[in-house]
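Work through the exercises below with the sequence and the model open. Each task is followed by a solution in steps.

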Amino acid sequence: MQGDSIYLHFGDITDSSRLNDLINQVEPNEVYNLAAQSHVQISFDEPIHTSEVVALGALKVLEAVRNIGSSHIRFYQATTSEVYGNVEASPQDEKTPFHPDNPYACGKVFAFHQVRLYREAYGLHASNGILFNHESPRRGENFVTRKITRGLARIIAGKQDKLLLGNLDARRDWGHAKDYVQAMWMMLQQASGDDYVIATGKSYSVRDYLDISFGSLGLDWSDYVEIDQNLLRPIDVSEFIGDSKKARNALGWEPKISLEDLAREMVATDLAHEGIDPAQFGF
Ligand code: GDD
């Protein structure tokens with residue numbers, strides 16, 4: 001598929017032969033592996049599929065890159081704060097021990113070590129970006145930030161009157177995807193591969209995010225939110241908060257967009273999606 005400057009090739013991350021063909025055909029300078037079954041709760045329901053995509057999928061891309069035998073290819077792996085699980089250490093940095101608490105995170109730990117191994121054993125320019133939660137108006141609707149802003153816009157539009165959620169006490173270090181994608185690119189511009197935590201260093205609860213988004217329209221979320229027991233996970237990590245000192249020093253990276261601005265952007269986009277002019281609410 002061809003756009004102005006982008007070519008989309010179809011392929012399945014679990015299909016090694018397709019990955020080998022594509023890498024040979026495209027001869028990329030940089031490879032970013034963002035492919036995943038990335039929903040934590042779904043990974044409890046589909047642990048095998050999740051592992052095939054998240055763990056073996058990453059290894060298959062690495063193998064395709066190694067097989068081409070071309071030393072100029074730089075490789076980025078989307079690692080995640082989920083690798084830390086419920087650890088005592090806070091904030092989490094590159095030295096914090098891994099304790100994955102769901103099948104998705106277990107797959108990501110496997111992939112993390114394969115990337116490190118390919119770097120150390122084969123000299124591949126390979127980096128793990130240990131990214132904490134990153135959101136935008138393009139976020140899938142079954143992740144909590146987007147679920148909240150989509151639900152809020154639909155409430156305003158009169159299309160739903162309740163919003164069902166799970167654990168409101170969970171705390172996450174939420175940043176804007178735009179800032180985080182820049183960090184991914186910066187990692188591949190370095191002289192050699194390495195592992196970096198990318199985070200804002202601030203943690204907020206799901207309740208806080210409800211306060212910010214409903215509050216931006218002058219509403220009290222407790223009038224609309226109900227807890228659905230089915231949305232509670234077998235284990236949920238109670239708090240993530242990242243220390244990205246290494247990335248700040250080595251890459252010169254820092255997050256620019258606050259959670260308040262991120263939430264307002266998501267609320268405005270979802271209102272517009274419902275045909276409601278965000279300017280009505282002072283946006
Ligand atoms: N999805 C969802 N839906 N989460 C809910 C809900 C709900 O209705 N109610 C409460 N939560 C809580 C979850 O229990 C979790 O503690 C928190 O909100 C965030 O959930 P998600 O938005 O689904 O994200 P995540 O933290 O599990 O994982 C995301 O971030 C990771 C770190 O970057 C995903 O993008 C992962 O793929 C990613 O690795």
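**Exercise 1. Locate S203 and describe its surroundings.**

Step 1. S203 sits in the loop between strand 8 and strand 9. The model is a predicted one.

Step 2. Is S203 buried or exposed? Buried means under 20% relative accessible area. S203 has 14% relative accessibility, so S203 counts as buried.

Step 3. Setting aside neighbours within four places in sequence, S203 is in contact with R171, R172, D173, E239, F240 and I241. The side chains of S203 and E239 are joined by a polar contact of 2.5 Å.

Step 4. S90 lies 113 residues from S203 along the chain, and the C-alpha atoms of the two are separated by 11 Å.

**Exercise 2. Describe the peptide bond from S90 to P91 and say where P91 lies.**

Step 1. The bond from S90 to P91 is cis, and its omega is near 0 degrees.

Step 2. P91 belongs to the loop between strand 2 and helix 4.

**Exercise 3. Describe helix 4, its buried residues and what they pack against.**

Step 1. Helix 4 covers residues 103-122, which is 20 residues. From its first C-alpha to its last it reaches 28 Å, close to the 28 Å expected at 1.5 Å a residue.

Step 2. The buried residues of helix 4 are P103, Y104, A105, G107, K108, V109, A111, F112, Q114, V115, Y118 and R119.

Step 3. To read such a list, recall that an α-helix has 3.6 residues a turn, so residues three or four places apart point the same way. Among the buried residues are Y104, K108, A111, V115 and Y118.

Step 4. Two helices are packed against by the buried residues of helix 4: helix 2 (40-45) and helix 3 (47-67). The strands they pack against are strand 2 (74-80), strand 3 (125-131) and strand 8 (195-198).

Step 5. Just after helix 4 comes G123, with a positive phi of about 70 degrees.

**Exercise 4. Describe the setting of H125 in strand 3.**

Step 1. H125 is part of strand 3. At 9% relative accessibility, under the 20% cut-off, H125 counts as buried.

Step 2. Which residues does H125 contact, leaving aside neighbours within four places in sequence? They are I73, R74, F75, M187, L188, Q190, A191, S192 and G193.

Step 3. One of these, Q190, has its backbone oxygen 2.8 Å from a polar atom of the H125 side chain.

**Exercise 5. Place E63 and I227, and give the accessibility and contacts of each.**

Step 1. E63 lies in helix 3, and I227 lies in strand 10.

Step 2. Partly exposed covers the range between under 20% and over 50%. E63 is partly exposed because its relative accessible area is 23%. I227 is partly exposed because its relative accessible area is 44%.

Step 3. Beyond four places in sequence, E63 is in contact with N20 and Y118. Y118 is one of the buried residues of helix 4.

Step 4. S16 is 47 residues from E63 along the chain, with 8.4 Å between their C-alpha atoms.

Step 5. I227 touches L165, G166 and L168, not counting residues up to four places away in sequence. The C-alpha atoms of I227 and L163 are 64 residues apart along the chain and separated by 8.5 Å.

**Exercise 6. Analyse how helix 5 meets helix 7.**

Step 1. Helix 5 spans residues 144-156 and helix 7 spans residues 206-215. Their axes come within 10 Å and cross at roughly 35 degrees. The crossing is right-handed.

Step 2. Helix 5 contributes V144, T145, I148, T149, L152 and I155, and these meet V206, Y209, L210, S213 and F214 of helix 7. The residues of this contact divide into eight nonpolar, three polar and no charged.

Step 3. Which residues of helix 7 are buried? They are V206, Y209, L210, I212, S213 and F214.

Step 4. Besides helix 5, the buried residues of helix 7 pack against strand 5 (163-165), strand 9 (204-205), strand 10 (225-227) and helix 9 (259-273).

**Exercise 7. Describe the backbone and exposure of E27.**

Step 1. E27 is placed in the loop between helix 1 (16-26) and strand 1 (30-33).

Step 2. Although E27 is not a glycine, it has a positive phi of about 45 degrees.

Step 3. Exposed means over 50% relative accessible area. E27 has 54% relative accessibility, so E27 counts as exposed.

Notes
Residues are numbered from 1 along each chain as its sequence is written. This is a predicted model: local features need pLDDT of at least 70, side-chain atom pairs count only at pLDDT 80 or more; totals for chains, interfaces and linings use all residues. Side-chain values use heavy atoms; hydrogens and water are left out. Axes are lines fitted to C-alpha atoms, for helices over the stretch in contact, and angles run from 0 to 180 degrees between N-to-C directions. Helices (H or I, at least four residues) and strands (E, at least two) are DSSP runs, numbered from the N terminus. A crossing is left-handed if the near helix is turned anticlockwise from the far one by less than a right angle, and right-handed if clockwise. Contact means heavy atoms within 4.5 Å. Ala, Val, Leu, Ile, Met, Phe, Trp, Tyr, Cys and Pro count as nonpolar, Asp, Glu, Lys and Arg as charged, and the others, Gly among them, as polar. The expected span of a helix is 1.5 Å times one less than its number of residues. Buried means under 20% relative accessible area, exposed over 50%, partly exposed in between (1.4 Å probe, protein chains only). A polar contact is a pair of N or O atoms within 3.5 Å; within protein, one must be able to donate a hydrogen and the other to accept it, and residues adjacent in sequence count only if both atoms are side-chain atoms.
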